[in-house]
Amino acid sequence: MGKVRAARELRDRGIQLSPSAVHTIWTRHGLATSYDRLKMRAGRSEAGKAALSESQRARLRRATISRRVTARAGANGSSAVHPRREELLAVAARIFSARGYEGASLREICAAAGILPGSMYHHFRSKEDLFVSVHAQGFRELNEVVDRALEGKTEPWARLEAAICAHLTELVGRTDVIAVTVASLFHTAGAPLQPRLNRDREAYEHRFRELVMALPLPTDADKSLLRLTLLGAVNWTRIWFRPGKRTPAQIAHHLVNKVLRRSLG
């Protein structure tokens, strides 16, 4: 309960304290916030002296997550992205990755993120918007690692190998966000979701189109067919890859230099 209700309850028991006096006492004992008071009750409940209701447990979970999000945001310094939005994206990525778009529910995502379902609409208009945002975040991360991999490289085959290595590293790293993004390379969603996903996917694939077009290939080589076949083979790596055998760098090197260059060079 809050300080006003506490003061009223005390008055009903013949103890005259103002709400501000109640707050002062709570502060003196480290119970200034509802989170502090719920934590205290939860600690006592473990000893069998008190119990939290389901609504109190849910409120404590939300408050715990909220404090973790706020602390992480402070540790990372100022950010243009609201920390609650970042938390929603991370949690949604984990659940979408595990259950797929159709199998995930907003109620489950919001519960895991420590917010009420209605609060999600402050950041995203719908489940579809949330999924599209996770999907776009994955492609932003892929583009960033490919950008870093291509820095300082000018030779066409070396650039293709670097891009494939970066892509494979993220692909087999299996972060939740990347898992959601990569899944869209294998499965199509229904309308109107798929057209929104296509924009990011096509923009990313265009990078590989440019890399393949720059290769010094025979004039009769079909570069479009090569690109599509190459991307299919690279993306399929996530199915058979096992840590401890060949690394993404070794796979990329073998694919580009032992297979493509020898057969097409």
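Let's start with Tyr-101, which is partly exposed, with a relative accessible area of 21%. Phe-131 is buried, at 9%. Here buried means under 20% relative accessible area, exposed over 50% and partly exposed in between, using a 1.4 Å probe and protein chains only.

This is a predicted model, where local features need pLDDT of at least 70, side-chain atom pairs count only at pLDDT 80 or more, and totals for chains, interfaces and linings use all residues. Residues are numbered from 1 along each chain as its sequence is written, and side-chain values use heavy atoms, leaving out hydrogens and water.

| Residue | Helix | Relative accessible area |
|---|---|---|
| Tyr-101 | H5 (residues 83-103) | 21% |
| Phe-131 | H7 (residues 127-150) | 9% |

Helices are DSSP runs (H or I, at least four residues), and numbering goes from the N terminus.

Now for the rings. The structure holds 5 aromatic pairs; rings of Phe, Tyr and Trp (its six-membered ring) pair if their centres lie within 6.5 Å, and planes under 30 degrees apart count as stacked, over 60 as edge-to-face and the rest as tilted. In one of them, the centres of Tyr-101 and Phe-131 are 5.0 Å apart and the planes sit at 65 degrees, so this pair is edge-to-face. Tyr-101 is in H5 and Phe-131 in H7, so the pair ties together parts 30 residues apart in sequence. Phe-96 joins Tyr-101 and Phe-131 in one aromatic cluster.

Tyr-101 has a charged partner too: Lys-127 lies over its face, 4.6 Å from the ring centre. That label needs NZ of Lys or CZ of Arg within 6 Å of the ring centre and within 35 degrees of the ring normal.

Technical notes:
Helix = DSSP H or I, 4+ residues; strand = E, 2+ residues; numbered from the N terminus.
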